[in-house]
Amino acid sequence: ILEQCRIMALHGAQMVDQAWVKAMKSNDLEAAVALYAPDAVAYFPDGDVQGQQAIRKSWTDFLATFTVKDVTSEATYETMGDTSIGWGHWSMTVVPKAGGDPIPMKGRATVVVKKIDGKWLYVVDHGSVPLPPPPAK
């Protein structure tokens, strides 16, 4: 019962973000893609995509290139009815499948999640990587 109360206290976007972290740590393409609404929009560091099939291709290409070793997501969440939002930061460590050292990645995220047919799903997933600092003068 305590676990059910804890889950009920989570915001929709928080639940989806936690499921995304689990999917990425498992390198589970199907679990990751299942978190998106059919007409979701994703603004990824490598480009903008719309629709679950385009999002699937983006994650397929990513997971074909890298093995995910670790992921974190730290965010603030708010829920209003059937809509939940989150904003914060993510980090990911990946290893190139072609060989090489682990690559740490860090970025910002803003997500909009809606309850569709009883399930919380991303409708907007905006992940960005901060620009490097300007060169020293």
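Which strands does helix α4 lie across, and at about what angle to β1 does it run? In this predicted model, α4 lies across β1 (residues 36-44), β2, β3, β4 and β5, and its direction is at about 55° to β1. Helix α2 lies across β3, β4, β5 (103-116) and β6 (119-128), and runs at about 180° to β3.

The sheet contacted by these helices is open and consists of six strands in the order β2-β1-β6-β5-β4-β3, with mixed pairing. Its edges are formed by β2 (47-50) and β3, each of which pairs on one side only. From one strand to the next, the twist averages 20°.

At the β3 edge, strand β3 (residues 66-80) runs antiparallel to strand β4 (residues 83-96), and 14 bridges join the two. Within this pairing, Thr 72 has Ser 91 of β4 as its bridge partner, while Ser 73 is matched with Trp 90. The two strands form a hairpin with two residues between them, and Gly 81 in the turn adopts a positive phi of about 65°. In a regular strand, side chains alternate between the two faces of the sheet.

Five aromatic pairs are found in a search of the whole structure. One of them joins Trp 20 and Trp 59 in a tilted arrangement, with 6.2 Å from centre to centre and 50° between the planes. This pair links distant parts of the chain, as Trp 20 belongs to α2 (residues 12-25) and Trp 59 to α4 (residues 52-65), 39 residues apart. Both tryptophans are buried. Ring pairs further connect Trp 20 and Trp 59 with Phe 44, Phe 62 and Phe 66 in a cluster.

Terms used: Residues are numbered from 1 along each chain as its sequence is written. This is a predicted model: local features need pLDDT of at least 70, side-chain atom pairs count only at pLDDT 80 or more; totals for chains, interfaces and linings use all residues. Side-chain values use heavy atoms; hydrogens and water are left out. Two strands pair if DSSP finds at least two bridges between them. Helices (H or I, at least four residues) and strands (E, at least two) are DSSP runs, numbered from the N terminus. Rings of Phe, Tyr and Trp (its six-membered ring) pair if their centres lie within 6.5 Å; planes under 30 degrees apart count as stacked, over 60 as edge-to-face and the rest as tilted. Buried means under 20% relative accessible area, exposed over 50%, partly exposed in between (1.4 Å probe, protein chains only). Axes are lines fitted to C-alpha atoms, for helices over the stretch in contact, and angles run from 0 to 180 degrees between N-to-C directions. Contact means heavy atoms within 4.5 Å.
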